Amino acid sequence: MELKPIIEVKNLHFSYKKHRVLAGVDLELYRGEVVSLLGPNGCGKSTLIKLILKLLHGEGEIKIASKEIGKYSHKDIASHVAYIPQYNNTPFNYTVLEMVVMGRVSKLDFFALPSANDYEVANKALEKINIEHLHDKAFGQLSGGQKQMVLLARAIAQEVNVFIMDEPVAGLDYGNQIRLLELINELSAQGYTFLKTTHYPDHALLVSSRVVVMNGGKIIADGTPSEVITSKMIESVYDIKADIITHDSHKRCVPIFEQKREVI
Ligand SMILES: Nc1ncnc2c1ncn2[C@@H]1O[C@H](COP(=O)(O)OP(=O)(O)OP(=O)(O)O)[C@@H](O)[C@H]1O
């Protein structure tokens, strides 16, 4: 593992007008890691990601590849990091191949059209995750799971190896959630680095080298999955009880169902 982090966040503060969201956040991401960012609804996970991508501006230090993000254009950031949002609909009826070719934008000169090579890279990205058969389908007509895969192919076509994913399994059916986690594992073994938010401690146990927990505008835990995901942490962050069990040599998080729980 490299000694210098690819992403470095120090003492980051951010507010939406008077609503303080981040109050002194420190985070580092090293090449080769798969970091899962956990925390309750509204704790600021997506805000932190937007700050790292320079889509918002806060107070404190954010560096990508040892350089302050203030010195980067958005195109420069895209030459280091690919962002994979939750699947969404574009207002335009792009085909899958056109969506994936958009991953090449940071490599193109201003106003230049994608070249034959850009299309070849995009096709290879589709092949890499076995969705080449979708290439001429309309992106807007795909299922949620297929859209998420196309956004992942677009990130691969960007030819960077650091991926930031915001709740990658949101809206996916159970099978597609597990298949996507397995794919993240496979890509990680091929050298890709991931920072991903998740609402599932169990997924963080299955696919992470490190787990970071946010609450109350701060990072409250940062360590290996088994150090961080404990019954005590689950109760203090989510206000539910859960057992951490070992199944087939993997740690798993199993919530304990209580009959008279108050629903929020
Ligand atoms: N554009 C905005 N303007 C004002 N407040 C916002 C805006 N976006 C988010 N917030 C608020 O900032 C806080 C953090 O939101 P954020 O989306 O970063 O949380 P999150 O941890 O990603 O939540 P979730 O897990 O529900 O997706 C929330 O209280 C939210 O209501």
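**Aromatic pairs and ring contacts**

In the predicted model, Y16 is partly exposed, with a relative accessible area of 34%. This value falls between the 20% limit for buried residues and the 50% limit for exposed ones, so Y16 belongs to neither class. Aromatic contacts were then examined. A search of the whole structure finds three aromatic pairs. One of them joins F14 and Y16 in an edge-to-face arrangement, with 4.8 Å between the ring centres and 90 degrees between the planes. F14 has a relative accessible area of 8% and is therefore buried. The F14–Y16 pair thus brings together a buried ring and a partly exposed one.

F163 and F194 also pair edge-to-face. Their centres lie 5.5 Å apart, and their planes meet at 85 degrees. This pair links distant parts of the chain. F163 belongs to strand β7 (residues 162–165), F194 to strand β8 (residues 193–197), and 31 residues separate the two. F163 is buried, because its relative accessibility is 0%. F194 is buried as well, with a relative accessible area of 0%. The ring contacts extend to Y192: ring pairs link F163, Y192 and F194 into a cluster.

Lysine side chains also meet aromatic rings. The charged end of K67 sits over the ring of Y72, at 4.7 Å from the ring centre. K147 lies over the face of F139, with a distance of 6.0 Å to the centre of the ring.

Technical notes:
Residues are numbered from 1 along each chain as its sequence is written. This is a predicted model: local features need pLDDT of at least 70, side-chain atom pairs count only at pLDDT 80 or more; totals for chains, interfaces and linings use all residues. Side-chain values use heavy atoms; hydrogens and water are left out. Rings of Phe, Tyr and Trp (its six-membered ring) pair if their centres lie within 6.5 Å; planes under 30 degrees apart count as stacked, over 60 as edge-to-face and the rest as tilted. Buried means under 20% relative accessible area, exposed over 50%, partly exposed in between (1.4 Å probe, protein chains only). Helices (H or I, at least four residues) and strands (E, at least two) are DSSP runs, numbered from the N terminus. A charge sits over a ring if NZ of Lys or CZ of Arg is within 6 Å of the ring centre and within 35 degrees of the ring normal.
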